[in-house]
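Work through the following exercises with the sequence and the coordinates at hand. Each task is followed by a solution in steps.

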Amino acid sequence: MPSDNAAAVSAFVEGAPPGELADVIADVKKLTVNEPRILDSITPAFRKYNEEQLTAVKLPGASKNVLISAYNSLEDERYYDTESQRSFIFDHQTQKASDVQPYTLDSEHSDLITALLKSLTTHSTEHYPSATTAVCPASPSGHVALLLVSNKYSPQNFWNGRWRSTYLLNPSSPSTTLTGTINVDVHYYEDGNVRLMTTKKIPEMKVEASPALSPAALAAEVVRKIAGVEKAYQEDLNRGFGRLSEGEFKGLRRQLPVTRQKVEWEKIGGYRLGQDIGGGRSR
């Protein structure tokens, strides 16, 4: 049924690895030649993918990327960027921006948002390659969303990866608090298909703040907390990779035969079992 096909295609789109959405779309078109309009029918899946993956897009005539997320979404597929003070229409299927217009942010936390963006951008530049950041109100909760995405694509070496950080700052509570989520997604596909996907929930943290603290000082303290959390998580990941390499992965490796030489599997039919593989004398 067409509805079943649409559900399957939506799942393919929503599960596309980093930097590979165009490849998934090309494959879907080949598999659904009898339903040429099926991609146009799953706009919600494309929107969900781009907003959750914090897709980075360059506005026409601009030199820096901006982010797509649920937090900076307006209406009719229009999004805004607080730094450039622009809004734009985003095509979720082609991942292209158009119809750029001036946009003025109306928020009680405007000064804090500006300071946070400056501090978060500095942090991302120091620690991540090809990073894009955004800070915007998280309506209607009164929170402020801090977003960071870093993509690193190497298709010539058969791998792509993405780091995503999303934080919610509550500056209006008696004690300023910060929560967040970190997602890491790496896909390796040379002669196989291996994908690492991790999620780290950041429990609520108190941020040292006072009414007399300036927006710039509060922003610096918030980003200091973020830097500490992300450094600790990266160290945890490195330790985990070490355990996998020396433990589970090592156990999966094919052991060498007693000759201490690799078996040429494409010539397996020509081996004499006792002499050539086992090292013994054939009879």
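**Exercise 1.** Determine which strand holds Val 194, and which residues make a nonpolar surface patch with Val 194.

*Solution.* Step 1: Val 194 belongs to strand E10, residues 194–206; helices (H or I, at least four residues) and strands (E, at least two) are DSSP runs, numbered from the N terminus. The model is predicted: local features need pLDDT of at least 70, side-chain atom pairs count only at pLDDT 80 or more, and totals for chains, interfaces and linings use all residues. Residues are numbered from 1 along each chain as its sequence is written, and side-chain values use heavy atoms, with hydrogens and water left out.

Step 2: Phe 158, Tyr 188 and Val 194 make a nonpolar surface patch of about 260 Å². Patches are made of residues with over 30% relative accessible area and no salt bridge, like charges being joined within 9 Å and nonpolar side chains (Val, Leu, Ile, Met, Phe, Trp, Tyr) within 5 Å. A salt bridge is a side-chain nitrogen of Lys or Arg within 4 Å of a carboxyl oxygen of Asp or Glu. Areas come from the Shrake-Rupley method with a 1.4 Å probe, and for residues only the protein chains shown count as cover.

**Exercise 2.** Establish the strand order of the open sheet of five strands, and state which helix lies across E6, E7 and strand E8.

*Solution.* Step 1: The order is E6-E7-E8-E9-E10, with antiparallel pairing; two strands pair if DSSP finds at least two bridges between them. Strand E6 (131–138) and E10 are the edge strands, each pairing on one side only. From one strand to the next, the twist averages 10°.

Step 2: E6 is joined to strand E7 (residues 143–154) by eight bridges, and the two run antiparallel. Opposite Cys 136 stands Ala 145 in E7.

Step 3: Helix H4 (residues 110–127) lies across E6, E7 and strand E8 (159–170), at about 160° to E6. Axes are lines fitted to C-alpha atoms, for helices over the stretch in contact, and angles run from 0 to 180 degrees between N-to-C directions.

**Exercise 3.** Is Thr 181 buried or exposed, and which residues does Thr 181 contact?

*Solution.* Step 1: Thr 181 lies in strand E9, residues 177–188. Because its relative accessibility is 18%, Thr 181 counts as buried (buried means under 20% relative accessible area, exposed over 50%, partly exposed in between, with a 1.4 Å probe and protein chains only).

Step 2: Contact means heavy atoms within 4.5 Å. With neighbours within four places in sequence left aside, Thr 181 is in contact with Arg 164, Ser 165, Thr 166, Thr 199, Lys 200, Lys 201 and Ile 202.

**Exercise 4.** Describe the open sheet formed by three strands, and identify which residue of the E4 and E5 hairpin takes a positive phi.

*Solution.* Step 1: The order is E3-E4-E5, and the pairing is antiparallel. The edge strands, strand E3 (78–81) and E5, each pair on one side only. On average, neighbouring strands of this sheet are turned by 30° against each other, direction ignored.

Step 2: Four bridges connect E3 and E4, and Tyr 80 has Ser 87 in E4 as its bridge partner. Strand E4 (residues 86–91) and strand E5 (residues 96–102) pair over five bridges in the antiparallel sense. Asp 91 stands opposite Lys 96 in E5.

Step 3: The hairpin of E4 and E5 has four residues between the strands, and Gln 95 takes a positive phi near 60°.
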